[in-house]
Amino acid sequence: MSPDLKINVAVLGCGMMGQEHISYMEKYKQIHVKFLCDTNNDMLIKAASLISKEKQEQPELFHLEHQLLEKIRDIDLLVIATPNYLHTPQLLRWAMNDLCILVEKPIAISEKQVRALRAASPMFKAQIWTAMEYRFIPAVNKLIQLLPNIGPIKNVTIRENRFPFLSKVGEWNKDVDKSGDTLVEKCCHFFDLFRLITQQEVRNSTAKVHRGLLCEEYGYDKRTDNPTPIIDSAYVLMDFQEHSNRATTTCYNNNRFSGQQGTLGCLELCMFADGSRHQEEIVVTGLKGRVEAYLPENKVFYYQRPKRRSMHSDGTNDDQNGNYIWVDLSQPPPRSSIKEEIIDCSNLSNVYSFANEIPQHAGHHYCSTAVEWKFLIDQVQNWKNGGKFVPQVSLDDGIKAVEMGMQAQMNISNEAETEEHNTNIIPITAFSSQSCEQLLNLAIDMAHMQAKVSSDLGNIVEEAKGQ
């Protein structure tokens, strides 16, 4: 594909995230925003106003998805940024076609939606990238770059202390059946980071939560339908399954303590912590060091544990080799024995070699959306040239992050409710239209049918061999 050949983009959903994507993508010369679609006219007009009239003609506007679907032959890349409960039905509708799709998180909000995606995905023709902007936040990415320096990772803590959920059209993000509840809606970002940082899958998790503390702020007190309030704060404890081919990191040669030597994770969330000095904190500790990232400070702190003094065969000791040594083990290690490095990631050049090539205006995610689009455009161009589309965040990554949130929400262990009146566990039934529900059922039924056909064919082959 020639660098001058445009990528025709359609945006389905023009609320806050749709507008953020538009504000960055339209700054790339390769992008032509051809279509916008949203049922809310105000959002549609606001999104259209973000597109420079000097750069391109104004996009065609639609209010209904089926109108946009009729233009599919003119679309190279579809951005799905609608309310959460619509992501799975829209993926099922669009991904059977040969195009690229960027779908916002969470990719699903209920167990049934996950089953439908897994069932239908082998039939998908689309190239799918799950939008997980937190991966590309400068401080977060620098932290990830430094992980090889800290040895085997044993502890990962992610904290978010922030303001309550913002107002959305129809306030769908305060409804568990439209958002998936907070540990799916908000925290799938963080569960994705736990997987990315540890390179492991969660083995089990348990959660303690607050629910219903912000009833007046979210307007539940004025509603007559007695809704289940969303989670307002939580602690989630996790342990991860280390890969069996990893080298052991312990001096013990038996398995007595093996269950207590894996990677541990802790997520802390508080949605009524307006004004916190740090909105997000990520702390990763390995056996050789520690890396910390702080937002909105956008700085990373790297620490290397001190070594103990030892003599070498050439007669020198670690002090003479310029290493950081803890000499007197009867006293805490002096600060001078600990290697420390502080990286200011607000200067994108300290993180990304292409910092000067991307738009850096203020957004909701510290320019991470611009970085995401840089990588995405490279893959779409490669695909249009006949090459392979390799997403940095795959469909499977998106599903697994959601499943971690669902698992945590199904393992809420607050005390007080009897088993008979247990209100801790809130199973999510995604809000759905009849057509969307039929789409989910069709995807699941087709997968069952294909499995049965494969099984029947296998039996016929085996019988033929026997004859």
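User: Leaving aside its neighbours within four places in sequence, which residues is Leu36 in contact with?
Analyst: This is a predicted model, where local features need pLDDT of at least 70, side-chain atom pairs count only at pLDDT 80 or more, and totals for chains, interfaces and linings use all residues. Residues are numbered from 1 along each chain as its sequence is written, and side-chain values use heavy atoms, without hydrogens or water. Contact means heavy atoms within 4.5 Å. By that test, the partners of Leu36 are Val11, Cys14, Ile22, Leu44, Ala47, Ala48, Ile51, Pro59, Glu60, Leu61 and Phe62.

User: Which helix gives the most to the largest nonpolar core?
Analyst: A nonpolar core joins buried Ala, Val, Leu, Ile, Met, Phe, Trp, Tyr and Cys residues through side-chain atoms within 4.5 Å. Buried is under 20% relative accessible area, exposed over 50%, and partly exposed in between (1.4 Å probe, protein chains only). The largest core has 91 residues, and Leu36 and Trp373 have the most contacts inside it. Its top contributor, with eight residues, is helix α11 (368-384).

User: How wide an arc do the buried residues of α2 cover?
Analyst: Helices are DSSP runs of H or I, at least four residues, and strands are runs of E, at least two, numbered from the N terminus. In α2 (41-49), Leu44, Ala47 and Ala48 are buried. They sit on the same side of α2, because their arc, taken from the directions from the helix axis to the C-beta atoms, is only 100°.

User: How far apart in space are Thr429 and Gly180, C-alpha to C-alpha?
Analyst: Thr429 lies in the loop between α12 (395-409) and α13 (434-466). In sequence, Thr429 and Gly180 are 249 residues apart, but in space the C-alpha to C-alpha distance is 8.4 Å.
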